[in-house]
Every structure is written in C-alpha cells, then in structure tokens.
Amino acid sequence: MRKIRPGDPTWADVTPKADFLNRRQLMAGAGALALGSIAGPALAGLDAKPSKYSTDAKPNTLKQITSYNNFYEFGWGKTDPEQYAGQLVTDPWSVEIGGLVDKPGTYGLEDIVKPETLEQRIYRFRCVEAWSMVIPWVGFELADLLKRVGVQPSAKYVAFTTLYRPSQMPGQKQGGIDWPYIEGLRLDEAMNPLTILATGLYDEPMPNQNGAPIRLIVPWKYGFKSIKSIVKIELTDKQPPTTWNILAPNEYGFYANVNPTVDHPRWSQATERHIGAGLFGGRQKTLMFNGYGDEVASMYQGMDLRKFY
Ligand SMILES: Nc1nc2c(c(=O)[nH]1)N[C@H]1C(S)=C(S)[C@@H](COP(=O)(O)O)O[C@H]1N2
Ligand SMILES: [Mo]
C-alpha cells in the first residue's frame, strides 16, 4: 500500500504507447467505440483520483489485461472474450436495484456513475485457477451507491446478476452454466472500501472483454466473485446462490477469499503464475486475502476459513 505522490507515473507512462495505439485501432475496427460518444470519457475517469488503496506493484499491460480473460458468456477459451465480446452493445445500459432498499428502481448507467467520484485503484487480481495480474481499474466504492439507494436494516447480503443476451453473448447458447451468471457478497463485504464497481481501466472505458460497462471488483477474493456486465443488484436477507458454487459446491464456496493455506481440491493455492512474468519468471507466493488482510481480515474473525472457503 502507498500514497500516490506528485510525479508518480501516469497510465501513459506505465503502458507502452504502442499498446494504446494498437488498442485504439482494434476498437475502431470492431466498431466498439460506441461508448466513446458521451458516456465514454466519463466512464474512463480521465480525471480519476489516485487512491491510498492502490498497490505499488507494476500493472500488467493493457494488452495482457484485455487478451487473457475469463468471460464464459463469450466462450470457454482465454482468448474468446477478446475475439467475441466486441459485438456486445453496452450503450444504453441500465441497472435494476431492488430488494431491501429504500429507493428501488431501474437506473440508467449515467445516473449511477455521474454523482460518483471516480478513482484509480491499482489492485492485485488473483484467479482461482492460480494466475494473477495487477490491474489499474477506474471505479467507485460500491458502498457509495448502496448508501445512495438506502440499505434497509434487514438487509444482510447483496446479489448481483450479469446481462442475459444470448444474441450477443454466444456462450449463453451453450450449456455448462445456468445463465445468467450470478454472484453475491455479505453486506459488510459489499460495504468494505476496497469493494468497487469499475467502469474503466487504464484510461479506457471498461473493455467489453473485461465486463463493460460496469463490473464488480473484490480484490481479496478469487476472480470469479468479480462479476462482469452487471444489470441487477439486489439486497437480500438470505445468502444468495452463486454461479460457481452451484456448479461445483465442493470446489467453489460463497466466500472464495484468496487463501494460500486452503487448496482447491484439484490444485494448490499456495503459489500463482503472474501473467507477464515470462517463461523464467517463476511462480510467486500467494498472499492471504491476496495481500489485503489489513483491510479485510477482521470481517472473518472467528470463522473457520476451511469450512467457509
Ligand atoms: N459474468 C461473468 N463474470 C465473470 C466471469 C464470467 O465468466 N462471467 N468470470 C470471472 C472470472 S473466473 C474471473 S478470473 C474474472 C476475470 O476478469 P478479467 O477477464 O477482467 O481478468 O471475471 C469473473 N467475472
Ligand atoms: Mo477466475
């Protein structure tokens, strides 16, 4: 953890310029610049504020972050999202917020984002498959949005739902997952300042393959909790069902906190392969709570994390 100092590198410094240029050309070619009209600059957070929660680890390149993805709505391969997500239309977009809130409703994306102060959050990101990246997200604290809509005292959990649109999400025409993808958090996890809704990364609106136009980021949990392309947020008093827990309950729990001492039934979680480390980069040690223990460990005091995996 560190504070951003004046003179710290900007996104342009840490991302090779060629990547930016390439990306712009690719996006133009794919017709994916639709967001660029009015919403784009706002979502990209071009004047986003630095955050004390950012890691000083070196971010992965834009190319790495946008070409090695898990987004099963577009296929099971790591390069499928880059190849097929361009067809997803993300403007207009609205998010239904309901359940145990004072102001339920269907909110346009701009109404959700406009009152928020966008921040740069450079977070470690650890997939349950034992690979990791460092990603410079742009977003705002989920707690801010929840406070705006008014959380009722009986609410204990937050449930999230991804868009269901098989015409533009070819993976949804296939079985395997009972679409749409769903996820959930305990209310205190949702209100933790590390938990953000992200609308961009580097200085781009969220690339489609990373979950445009708005996705959850919970950096101390395995990546599958960080649900993409959200269309519904519901406050509940019961623990909501979650996609990977439904699919394989003995392998993927509701909590899914990054934990090097609790192995996946089929592989070790003690180490991770950092994307971009190269052939000889070796594996790095996985950190408890992905290194965010100072901010989150107290939420799990007294819980058996082998049982609540
Ligand atoms: N809707 C939806 N959200 C999702 C997924 C998905 O397949 N569908 N994959 C999850 C998994 S397993 C990971 S590791 C991260 C990957 O995010 P990234 O592609 O931006 O790195 O998104 C998560 N969110
Ligand atoms: Mo993942």
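## A tour of the predicted model

A search of the whole structure turns up 14 aromatic pairs. Begin with one of them: select Tyr68 and Trp131, which form an edge-to-face pair with 5.1 Å from centre to centre and 85° between the planes. Tyr68 sits in the loop between helix 4 (62–67) and helix 5 (80–84), while Trp131 belongs to strand 4 (residues 131–141), so this pair ties together parts that are 63 residues apart in sequence. Keep in mind throughout that the model is predicted.

**The sheet**

Next, show the strands as a cartoon and look for an open sheet of 5 strands, with the order 2-1-10-5-6 and mixed pairing. At its edges are strand 2 (105–108) and strand 6 (182–186), each of which pairs on one side only. Neighbouring strands of this sheet are turned against each other by 20° on average, direction ignored. Strands of a sheet pair through backbone hydrogen bonds, in either the parallel or the antiparallel sense.

Walk across the sheet from strand 2. Select strand 1 (residues 94–99) together with strand 2: the two pair in the antiparallel sense over 4 bridges. They form a hairpin, with 5 residues between the two strands. To see one bridge, pick Val95, whose partner in strand 2 is Tyr107.

Now add strand 10. Strand 1 and strand 10 pair in the parallel sense, over 4 bridges. Here pick Ile97, whose bridge partner in strand 10 is Ile233.

Move on to strand 5 (residues 157–162), which pairs with strand 10 (residues 230–236) in the antiparallel sense over 6 bridges. Thr162 has Ile230 as its bridge partner in strand 10. Leave Thr162 selected for the next stop.

**Ligand 1**

Thr162 also leads to the ligand: a polar atom of its side chain lies 2.9 Å from a nitrogen atom of ligand 1. Show Lys228 as well, where a polar side-chain atom is 2.7 Å from an oxygen atom of ligand 1. Then add Asn69, which has a side-chain N or O atom 2.8 Å from an oxygen atom of ligand 1. How much of ligand 1 does the protein bury? Taken alone, ligand 1 exposes 530 Å², and the protein buries 99% of that.

Widen the selection to the 18 residues around ligand 1; those that come nearest are Asn69, Tyr72, Glu73, Arg215 and Lys228. Colour this shell by residue class and it divides into 9 nonpolar, 6 polar and 3 charged residues.

**Backbone details**

The last stops concern the backbone, so switch to a view with main-chain atoms shown. Select Asp91 and Pro92, which are joined by a cis peptide bond with omega of about 10°. Pro92 is in the loop between helix 5 and strand 1.

Which other residue pair has a cis peptide bond, with omega of about -5°? Select Ala212 and Pro213 to see it. Pro213 has its place in the loop between strand 8 (204–205) and strand 9 (215–217).

Finish at Tyr202, in the loop between strand 7 (196–201) and strand 8. Tyr202 has a positive phi of about 45°, although it is not a glycine.

Key
Residues are numbered from 1 along each chain as its sequence is written. Chains are lettered from A and ligands numbered from 1 in the order in which they are written. This is a predicted model: local features need pLDDT of at least 70, side-chain atom pairs count only at pLDDT 80 or more; totals for chains, interfaces and linings use all residues. Side-chain values use heavy atoms; hydrogens and water are left out. Two strands pair if DSSP finds at least two bridges between them. Axes are lines fitted to C-alpha atoms, for helices over the stretch in contact, and angles run from 0 to 180 degrees between N-to-C directions. A residue is near a molecule or strand if one of its heavy atoms lies within 4 Å of it. A polar contact is a pair of N or O atoms within 3.5 Å; within protein, one must be able to donate a hydrogen and the other to accept it, and residues adjacent in sequence count only if both atoms are side-chain atoms. Accessible areas come from the Shrake-Rupley method with a 1.4 Å probe; for residues, only the protein chains shown count as cover. Ala, Val, Leu, Ile, Met, Phe, Trp, Tyr, Cys and Pro count as nonpolar, Asp, Glu, Lys and Arg as charged, and the others, Gly among them, as polar. Rings of Phe, Tyr and Trp (its six-membered ring) pair if their centres lie within 6.5 Å; planes under 30 degrees apart count as stacked, over 60 as edge-to-face and the rest as tilted.
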